[in-house]
Each structure stands twice: as structure tokens, then as C-alpha cells.
Amino acid sequence: MLHKILGNLLLLSVVSLIVGCTQTSPTPSATTPTPTPTSTGTKTLVIGDVTNQPAKKITRYQPLADYLAARLSQFEIGMGEVKVAPDVGTMAEFLKSGQVDLYFDSPYPAMIATNKSGSQAILRRWKGGDPTYHTIIFALKDRGIERPEDLQGKMMAFDDVTSTSGFVLPFVYLKETGLTLKEKDSTTDEVASDEVGYVFSKDDQNNIQWVISGKVDAAAVDYRSYLEIPEESRNAMVILGETEEVARHVVLVRSGLPPEQVEAIKQIMLDMDKTPEGKAVLEQFEETAKFDTFPTQKDIARMQELYEQVQNR
């Protein structure tokens with residue numbers, strides 16, 4: 001009887017813990033609670049992501065972790081696991097220490113992780129069905145701003161300092177136009193006539209609303225977010241510039257994995273869109289269409305250049 005009571009209490013505690021994890025702020029990192037064994041191997045393949053919603057990400061990523069692990073038994077892989085981190089710096093530490101084997105992100109945070117951990121870009125991920133994406137810089141037509149040069153003395157909004165489309169691409173675009181950009185603490189800070197002031201709103205939707213309300217003079221959002229603006233509002237806007245296209249997402253592999261294992265992982269991922277089972281897993285993985293071999297040395301060199309320009313701002 002005592003064993004039964006203790007067993008029920010233990011089950012209740014586990015349920016309470018799971019519910020609590022989905023309703024409270026994330027801990028510095030989280031891993032899959034109970035990885036699913038896929039073979040008799042003793043090793044684990046770990047895929048990672050940066051998020052403040054660990055429970056949701058684990059649900060979306062676990063099928064991919066299981067799919068890959070089930071096909072890597074020749075490397076003694078027996079299960080797949082998902083590990084999340086609260087920021088890119090922590091993820092870089094996970095990659096460097098070998099706690100995470102694969103990491104998926106947009107080019108800029110991917111390059112941060114690469115430079116801090118020695119990881120390597122091996123594939124492109126078509127997240128949401130998109131192989132590439134770019135940024136649109138816009139303002140309201142009635143502000144008298146028609147081209148990037150008109151932003152001097154004005155205030156604009158970016159998304160987040162680690163965002164590829166929400167900061168890196170538009171920042172470099174404007175910088176390469178010849179403009180001087182200066183970060184400000186508030187939208188009400190003074191902006192010199194020979195500079196462009198900028199603040200971080202932390203969200204694309206904030207950027208849009210801040211332009212419409214007049215809180216900032218211009219903003220930058222990824223092209224999908226811009227096209228989702230209601231047509232009536234969009235007709236009142238002017239596009240000041242469109243940035244270059246970059247990979248929607250990059251797949252990084254940690255250093256130290258045997259080359260033959262890296263090649264096996266690449267081939268498995270490249271073939272996923274060719275089978276019903278693989279397609280189903282890709283769909284669960286945030287509507288990924290497929291993986292391909294986009295990251296050439298030229299692409300990686302450009303990603304590194306973008307990284308360095310922002311680091312030296």
C-alpha cells in the first residue's frame with residue numbers, strides 16, 4: 001500500500017513539473033525529458049535550438065532527433081535528444097563542449113556560434129518553405145523620406161541585436177550606402193543631422209506599429225512580415241530599400257564529430273524530402289520543406305563579413 005501511495009505521489013509530481021515548465025519562464029537550458037530509444041546503441045545525438053519556449057521547441061524538434069538517430073546506428077547512436085539554450089552564447093558553449101551536435105539558426109546567430117565554438121555550416125534549411133529571405137526598410141509616405149539618404153537625422157527601429165533579418169541585413173545595407181548609424185537608448189533621444197539613430201523594439205510587429213504611430217521614422221522587417229501588413233496600411237508606406245538574400249536557416253555541426261558521421265548526417269537530411277516519412281518529420285519541424293547544400297565557401301565568407309561588420313559597429 002505504501003509503495004502504491006508513493007508511486008501516485010511521484011506521478012503527480014512529474015505531471016506538475018511538466019505543466020509548470022510550460023507555464024513559467026525557462027531555465028538557462030532544457031533537454032528532452034525522456035529521449036526515445038531508437039536502437040541498441042549507447043550514444044545520443046543531440047540537436048539544439050535557442051528559445052524561451054523550451055517545451056514547444058522540444059515537441060517540434062524531437063521527431064527530427066529521433067529520425068536522425070534511428071539512421072545512425074553504425075555510429076552506436078541509440079537515441080535522439082533535444083537541448084535548448086536561452087541565448088546564442090550558451091548554445092555556442094554547448095557546441096564547443098560537445099553537449100549539442102547539431103544547431104539550426106539564421107546566418108547571423110549561426111556565425112556567432114561558429115566563431116565561438118568552431119562549429120561548421122554544412123547545409124541550408126528551408127524553414128517555413130523558404131530557402132532564402134531578405135529585409136525591407138520602410139517609412140510612411142507622408143514623412144518626406146524617399147530613399148536611405150533621407151534617414152539622416154531620423155530615428156529607426158530594428159528588431160533584436162541577434163536577428164539576421166531584423167538587424168544585421170538592414171544595418172549592413174545602410175552602412176554600405178554610406179550612412180553612419182548610432183544606437184540610442186530611447187526613441188526620444190536626440191539624433192545628429194549626419195547620423196541615423198536606431199533602437200531595438202524586440203519584435204517585427206512593434207517595428208510596424210512604431211512607424212505607423214510615429215514613434216520612429218522608419219523600420220526594418222523581413223519581407224514576409226512586410227507583406228502581412230494590411231494592404232491599406234501598406235499603401236501608405238514607401239520602401240526605402242531591400243537587402244540582399246541570405247539563407248533562411250543554416251545547419252551547424254559541432255567540431256569533433258568524425259567526418260564519416262558528419263557525411264552520414266548530411267546525406268540523411270538531404271534525402272528526407274524524398275520519402276513520405278521524411279516529409280512528415282520535416283513538416284513537424286516548423287514546416288521545413290527540405291535541406292540542401294547551399295552554404296558554399298562564398299556564402300560562408302559573406303556571412304562572416306556580415307558578422308564582422310556588425311561586431312565592429
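How much accessible surface does the protein have, and what share of that surface belongs to carbon and sulfur atoms? The accessible surface comes to about 15300 Å², and 50% of it belongs to carbon and sulfur atoms. Areas of this kind come from the Shrake-Rupley method with a 1.4 Å probe, and for residues only the protein chains shown count as cover.

Before we go further, a word on what you are looking at. This is a predicted model, in which local features need pLDDT of at least 70 and side-chain atom pairs count only at pLDDT 80 or more, while totals for chains, interfaces and linings use all residues. Residues are numbered from 1 along each chain as its sequence is written, and side-chain values use heavy atoms, with hydrogens and water left out.

Let's start with the overall build. The protein has eleven helices and 15 strands; these are DSSP runs numbered from the N terminus, with helices (H or I) of at least four residues and strands (E) of at least two. Of its 313 residues, 49% count as buried. Buried means under 20% relative accessible area, exposed means over 50%, and partly exposed lies in between (1.4 Å probe, protein chains only). Among contacts (heavy atoms within 4.5 Å) between residues at least 6 apart in sequence, 77% join residues at least 24 apart.

Now step inside. In soluble globular proteins, nonpolar side chains tend to be buried together. A nonpolar core is a set of buried Ala, Val, Leu, Ile, Met, Phe, Trp, Tyr and Cys residues joined through side-chain atoms within 4.5 Å. The largest one here has 61 residues, and F138, M156 and F158 have the most contacts inside it. Helix α5 (residues 164–176) gives this core its largest share, six residues. A second, separate core of 32 residues includes Y67, L102, F104 and L257. Back in the largest core, take a look at M156: leaving aside residues up to four places away in sequence, M156 touches a list of residues that includes I137, L151, L174 and Y198.

Helix α5 deserves a visit of its own. Ten of its 13 residues are buried, so α5 is largely enclosed by the rest of the structure. Among the buried ones are F167, L169, F171 and L174. At the N-terminal end, S163 acts as a cap, with a side-chain oxygen 2.7 Å from the backbone nitrogen of G166. This is a polar contact, that is, a pair of N or O atoms within 3.5 Å; within protein, one must be able to donate a hydrogen and the other to accept it, and residues adjacent in sequence count only if both atoms are side-chain atoms. After α5 comes G178, whose phi is positive, near 110°.

Positive phi turns up elsewhere too. Most residues other than glycine have a negative phi, and most peptide bonds are trans. E76, however, has a positive phi of about 65° although it is not a glycine; E76 sits in the loop between α2 (54–70) and β3 (77–85). K202 also has a positive phi, near 75°, and lies in the loop between β10 (196–200) and α6 (204–213). With 55% relative accessibility, K202 counts as exposed.

Next, follow the charges. A salt bridge is a side-chain nitrogen of Lys or Arg within 4 Å of a carboxyl oxygen of Asp or Glu, and by this rule the count comes to 18. R254 and D101 form one of them, at 2.6 Å from N to O. This pair links distant parts of the chain, 153 residues apart, and both R254 and D101 are buried. D130 and R224 form another salt bridge, at 2.5 Å. D130 lies in the loop between β5 and β6 and R224 in helix α7 (residues 223–227), so the pair ties together parts that are 94 residues apart in sequence.

Which side chain of opposite charge is nearest to K127? That is E286, 4.1 Å away; K127 is buried yet has no salt bridge. Here Lys and Arg count as positive and Asp and Glu as negative, while His and the chain ends are not counted. K127 belongs to the loop between β5 (120–125) and β6 (132–133). Not counting residues up to four places away in sequence, K127 touches R248, H249, E286, E287 and T288.
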